[in-house]
Amino acid sequence: MGKRALLIINRHSRRGQIGFAQAVDYLDNLGFELVTVPAQYSQSLENYVDRHINSVDMVIAGGGDGTLNAVVNSLAKHQVPLGILPMGTANDLARTLNLPNDIVKACDVINQGHRKQIDLGCVNGQYFLNVSSLGLSVEITTKLTRGAKRRWGIFAYGLTALQVLRQARLFHATITHNGRSEVVKTLQIAVGNGRYYGGGMAIAKDATIDDNRLDLYSLEIRHWWQIFDLLIHLPAGEQHLLPWVRTVSAESIEIKTSRPRKINTDGEIIVETPARFTVIPQALSVFVPLQR
């Protein structure tokens, strides 16, 4: 495969300013022919990909999961492989794919050329890589500032969650999956395609990004202090052990609420309920490390 690459770097990401120059220099030394885009607004990234896609062999995206989410629709449409330079706060897709956080090492992974076909999730026509969710996570994303992420890194998610929990309210939803419908009163519903989200939380114990399924959990919490039990179980994806957490695995899931509720897709709030979630098997080619 050739080495013509569209390089998109989110300079507002946690390591974007320093990482941009480092990535350009190193990839140039590796013999890549680069079209560089220092991204300013995630809304315009899809247009950049569409504009340059016919003149490159791959897209290399540097930033966090939000940056990757901004280009995934175009990549899936054009069937162009993706190289990932983790420069964000959480970097959950990179964690799922076992990619190195070091920019130089991540460039080496792309240069080695080993690729893996991964699934994509789709909600109301919008692709997502890691997780889509509604409820508590939307409030966290809304209140989480760029400054807090730069200052506190991954801990900013937990600090913001504690602030939001004080005002969080349960809501009613109808979840339809595998031929049946369930009415729930919940604090949050999360639907995962990959394994990790939110800075290292696991959507399910056995979730992978190529298992051809979606994994859902619903937090049907009754007391605020139960959240501490959840924090113990989430990193390993063992929330199914808690009696007030509903879990589901399915190829498609529908969620309806009494009023439209915003949905967080990989950190970007783009769509709302009613929502239909589906898995698109092996929809995207991604550069990953060689398995030894």
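Among contacts in the protein chain between residues at least 6 apart in sequence, what percentage join residues at least 24 apart? The share is 72%. Contact here means heavy atoms within 4.5 Å.

This is a predicted model, where local features need pLDDT of at least 70, side-chain atom pairs count only at pLDDT 80 or more, and totals for chains, interfaces and linings use all residues. Residues are numbered from 1 along each chain as its sequence is written, and side-chain values use heavy atoms, with hydrogens and water left out.

The table gives the whole-chain values.

| Property of the protein chain | Value |
|---|---|
| Helices | nine helices |
| Strands | 18 strands |
| Buried residues | 54% of the 292 residues |
| Exposed area | about 13700 Å² |
| Carbon and sulfur supply | 48% of the exposed area |

Helices (H or I, at least four residues) and strands (E, at least two) are DSSP runs, numbered from the N terminus. Buried means under 20% relative accessible area, exposed over 50%, partly exposed in between (1.4 Å probe, protein chains only).

Now take helix α5, residues 103–112. Just at its start, a side-chain oxygen of D102 comes to within 3.2 Å of the backbone nitrogen of V104. I103, A106, C107, V109 and I110 are buried in α5. Down the axis of α5, these buried residues fall within an arc of 150°, so they line one face of the helix. The arc is taken from the directions from the helix axis to the C-beta atoms. G113 follows α5, with a positive phi near 80°.

Helix α9 spans residues 226–233 and contains F228. F228 counts as partly exposed because its relative accessibility is 44%.

Note on methods. A polar contact is a pair of N or O atoms within 3.5 Å; within protein, one must be able to donate a hydrogen and the other to accept it, and residues adjacent in sequence count only if both atoms are side-chain atoms. Accessible areas come from the Shrake-Rupley method with a 1.4 Å probe; for residues, only the protein chains shown count as cover.
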